[in-house]
Amino acid sequence: MCTVCGCGTASLDAAAEAGDPAPHNHPRAVGQDHNHAHGDGEAHHHPHETAHHRHPGSAIDFGAGLAGVTLPGLSQERTIRIERDILSKNDAFAEANRSALHESAVFALNLLSSPGAGKTSLLVRTISDLKDRWSISVIEGDQQTSRDADRIRETGARAVQINTGKGCHLDAHMVGHALDQLSPHPGGLLFIENVGNLVCPAAFDLGEAFKVVVLSVTEGEDKPLKYPDMFAAADLMLLNKSDLLPYLDFDVGACCAAALRVNPHLQILTVSARTGEGLAGFYAWIEGRAAMALGPVAGAA
């Protein structure tokens with residue numbers, strides 16, 4: 001959760017306090033120091049500290065508390081209150097985005113992955129294959145540069161780049177600004193390519209219809225178990241770079257089993273953005289979900 005890094009907190013707080021759903025000033029919160037006193041005056045004591053010193057080979061679990069994270073200077077209860085406050089403000093922006101998208105019959109997908117999993121290459125291929133069927137717009141999220149948005153624009157699709165600076169994910173407030181600038185075509189398809197990160201983006205609703213997580217076969221089949229929040233939040237997993245499987249020691253069955261252990265309702269497709277393998281299934285999934293969400297207007301030129 002983003003109480004760890006604080007990214008997005010200041011902008012959401014400023015927006016809520018000012019009563020402005022889309023302010024243009026995005027101040028950033030400064031980092032905390034590393035003292036060991038809790039913000040509520042309690043002395044810091046980690047429950048696993050003694051066990052760690054007695055058993056140097058054991059794991060140190062800073063996610064074992066009620067909040068799922070341990071932060072210097074904050075009790076578990078205070079951490080939970082901050083997280084709820086941040087996410088409730090984000091959810092209000094997300095609902096505004098969702099309402100605007102629904103009114104325009106725009107079908108939005110939130111694409112998530114670690115860096116280098118192939119989200120942008122997948123989007124380039126998808127846009128090239130579907131641009132005669134759909135009006136497609138893209139919101140690109142990265143810490144810096146507009147390289148991905150430039151790649152998307154080369155396909156003929158419209159794209160807006162969001163640079164998050166030190167922030168590790170997009171939030172609904174940022175996406176609302178991008179929607180104002182992009183104005184997706186009514187009845188069209190919107191892809192939101194999130195910042196490459198398998199942790200924080202999972203917690204933030206952007207107003208999308210579905211979350212799609214992209215996992216490449218070069219990352220290891222245990223990623224769903226290591227980063228369960230992301231796979232638990234996703235509706236579809238695309239196992240990308242399948243063309244590399246002959247050259248890798250990667251167990252597809254074990255990876256799928258791990259993902260389904262985290263999320264039994266997760267749908268999984270094996271694809272290759274380079275060769276096009278499996279993408280027909282992805283396109284059919286888009287068509288089906290869009291028809292259910294939007295009705296026959298979806299995809300109208």
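**Exercise 1. Which residues of β4 are buried on one side, and which on the other?**

Before we start: this is a predicted model, where local features need pLDDT of at least 70, side-chain atom pairs count only at pLDDT 80 or more, and totals for chains, interfaces and linings use all residues. Residues are numbered from 1 along each chain as its sequence is written, and side-chain values use heavy atoms, with hydrogens and water left out.

Step 1: get the terms straight. Strands (E, at least two residues) and helices (H or I, at least four) are DSSP runs numbered from the N terminus. Buried means under 20% relative accessible area, exposed over 50%, and partly exposed in between (1.4 Å probe, protein chains only).

Step 2: split the strand by face. In a regular strand the side chains alternate between the two faces of the sheet. On one side of β4 sit L189, F191 and E193, on the other L190 and I192, and all are buried. That makes five of five residues buried.

**Exercise 2. Place β4 in its sheet and find its partners.**

Step 1: lay out the order. Seven strands make an open sheet, β3-β2-β4-β1-β5-β6-β7, with parallel pairing; strands pair if DSSP finds at least two bridges between them. At the edges are β3 (158-163) and β7 (267-270), each pairing on one side only.

Step 2: count the bridges. β2 (residues 136-142) and β4 (residues 189-193) run parallel, joined by five bridges. β1 also pairs with β4 in the parallel sense, over five bridges.

Step 3: look across. I192 in β4 has I139 opposite, and N110 stands opposite I192 too. S137 has L190 of β4 as its bridge partner.

Step 4: add the helix. α10 packs on the sheet and touches β1, β4, β5, β6 (236-240) and β7, and its direction makes about 135° with that of β1. Contact here means heavy atoms within 4.5 Å; axes are lines fitted to C-alpha atoms, for helices over the stretch in contact, with angles running from 0 to 180 degrees between N-to-C directions.

**Exercise 3. Compare the surroundings of S113 and S135.**

Step 1: take S113, in strand β1 (residues 107-113). S113 counts as buried because its relative accessibility is 0%. Its side chain makes a polar contact of 2.9 Å with that of K119 (a pair of N or O atoms within 3.5 Å; within protein, one must be able to donate a hydrogen and the other to accept it, and residues adjacent in sequence count only if both atoms are side-chain atoms).

Step 2: move to S135, in the loop between α4 (119-130) and β2. With 25% relative accessibility, S135 counts as partly exposed. Leaving aside neighbours within four places in sequence, S135 contacts H185, G188 and L189. S135 and L189 are 54 residues apart in sequence, yet 6.1 Å apart in space, C-alpha to C-alpha.

**Exercise 4. Sort out the aromatic pairs around W285.**

Step 1: apply the rule. Rings of Phe, Tyr and Trp (its six-membered ring) pair if their centres lie within 6.5 Å; planes under 30 degrees apart are stacked, over 60 edge-to-face, and the rest tilted. The count comes to four aromatic pairs.

Step 2: classify. F210 and W285 are edge-to-face, at 5.5 Å centre to centre and 65° between the planes. This pair links F210 in β5 (residues 210-216) to W285 in α10 (residues 279-294), 75 residues apart. W285 counts as buried, at 7% relative accessibility. F282 and Y283 form a tilted pair, with 6.2 Å and 40°, and both are buried.

Step 3: join up. F107, F210, F282, Y283 and W285 form one aromatic cluster.
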